[in-house]
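Got the model loaded in your viewer? Let's walk through it one selection at a time.

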Amino acid sequence: RDFKDQLRDPVGVSAIFGQALMMTVVLGFVFFRLGTDDAGVQSRLGLMLFVVISLSYGVVMPFISVFPLACNLIRRERASGAYHPLAAYVAKFLSQAPALFVANFLMAATLYWMVGLKPTTEAFFEFVLVVIVQSHAALCLGFMIGSLTTNLQVAHMLATSILSFLLMFSGQFLNLDAVSWVFRWIQYISILTYNYKAIVQTDFIGLTFSCDQTTALCPHGPSYDGALIVQQYALGSPSKFVCVGISLALSVGFFVGGYFLFLKTSRPLFRLT
């Protein structure tokens, strides 16, 4: 039924592809053909952070409304015994995911060559993988937040607060190795942290950068490996594939946690049968 609803009202799907197209065009031309000089380092880090942020806010915020808007209908149908709540939860996820993944795949595949990231096939597919994994994790997080409450306004407030805390510990605004132990645990549940690390490692490690003058990064010559940038910003641990694995594990946790929350918030007041 959810797939049929998508076909009857394609505005939502069109919005997903429109958002991906807008990101591709804007980021592609703003960061067109990045260099490997000092300015290129700054621009690459900014681009990668912006991609991760966009794939977080741009996915979580629209999809947190899925369950609050359908809550009354689901309650009535659960009360009549029409289906198991797990079927409703999984169906909503499966009906939303394909368009999102296809749109972000096309965005990543086009944007990668427009901005001129590391020109290797291996790095390209790793970049696309991280984009899809981030989209998946953000979708699961959005479903979990949307399952917390039936009030859409409250859901948006919760999503903004949660994403802001996760963003703070993404690795760009703080040196994660220097954060107090009181708050250090936040980075371990942040999908932004892991996918930002993975995407930076994918592009920087193995890519040679040049210096206009001798700096701390290249005291012995005019060039240096991008791994030094990764080390300087404390973005090298865990490795990129471990980051992807942890992000997938967090996605599963968000999905399962969201289901148990959904059981509570969509529970009918009484049964009709």
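## Stop one: a pair of crossing helices

Helix 4 and helix 5 make a right-handed crossing as they pass each other. This is a predicted model, so to speak of what you see here is to speak of computed coordinates. Select residues 66-79 for helix 4: its axis comes within 11 Å of the axis of helix 5, and the two cross at roughly 145°. Now show side chains at the contact. From helix 4, pick Val 66, Phe 67, Ala 70 and Arg 78; from helix 5, pick Pro 85, Tyr 89, Lys 92 and Gln 96. Colour that contact between helix 4 and helix 5 by residue class and you get five nonpolar, one polar and two charged.

## Along helix 5 to Met 114

Stay on helix 5, which covers residues 85-115, and select Met 114. Phe 67, from the contact you just coloured, makes a handy reference point. Draw a C-alpha to C-alpha distance from Phe 67 to Met 114: the two are 47 residues apart in sequence and 37 Å apart in space.

Is Met 114 buried or exposed? Met 114 has a relative accessible area of 17%, so it counts as buried. To see what surrounds it, leave out residues up to four places away in sequence; Met 114 then touches Thr 24, Gly 28, Phe 29, Phe 32 and Arg 33.

## Helix 3 meets helix 9

Next, select residues 38-63 (helix 3) and residues 191-204 (helix 9). Their axes come within 10 Å and cross at roughly 145°, and the crossing of helix 3 and helix 9 is right-handed. On the helix 3 side, light up Val 41, Arg 44, Leu 45, Met 48, Leu 49, Val 51, Val 52, Ile 53 and Ser 56. On the helix 9 side, add Leu 192, Asn 195, Tyr 196, Ile 199, Val 200, Asp 203 and Phe 204. The residues in this contact of helix 3 with helix 9 split into twelve nonpolar, two polar and two charged.

Before leaving helix 3, click on Ser 54, which sits in it. Ser 54 comes out at 15% relative accessibility, so it is buried. Setting aside neighbours within four places in sequence, Ser 54 is in contact with Met 23 and Val 59.

## Two cysteines

Now select Cys 140 and Cys 243 and show their sulfurs. Why is there no bond from Cys 140 to Cys 243? The closest cysteine sulfur to that of Cys 140 is the one in Cys 243, and at 18 Å it is too far for a bond. Going the other way, the closest cysteine sulfur to Cys 243 is that of Cys 140. The disulfide count comes to zero. Both sites are tucked away: Cys 140 is buried at 1% relative accessibility, and Cys 243 is buried at 0%.

## Zoom out

Finally, switch to a cartoon of the protein chain, with its eleven helices and two strands. From the N terminus on, the order is α-α-α-α-α-α-α-α-α-β-β-α-α. The radius of gyration is 21 Å, close to the 19 Å given by the globule rule for 273 residues, so the chain is as compact as a globular protein of that length. If you draw a box along the principal axes, the C-alpha atoms fill roughly 80 × 45 × 30 Å. Colour by accessibility and 49% of the 273 residues count as buried. A contact map rounds things off: of the contacts with a separation of 6 or more, 78% come from residues 24 or more positions apart.

Note on methods:
Residues numbered from 1 in each chain as written. Predicted model: local features only at pLDDT ≥ 70, side-chain atom pairs only at ≥ 80, totals over all residues. Heavy atoms only, no water. Helix = DSSP H or I, 4+ residues; strand = E, 2+ residues; numbered from the N terminus. Buried < 20%, exposed > 50% of the residue type's maximum accessible area, 1.4 Å probe, protein only. Contact = heavy atoms within 4.5 Å. Disulfide = S-S within 2.5 Å. Axes fitted to C-alpha atoms, helices over the stretch in contact; angles between N-to-C directions. Left-handed = near helix turned anticlockwise from the far one by under 90°. Nonpolar A, V, L, I, M, F, W, Y, C, P; charged D, E, K, R; others polar. Rg over C-alpha atoms; globule rule 2.2 N^0.38 Å.
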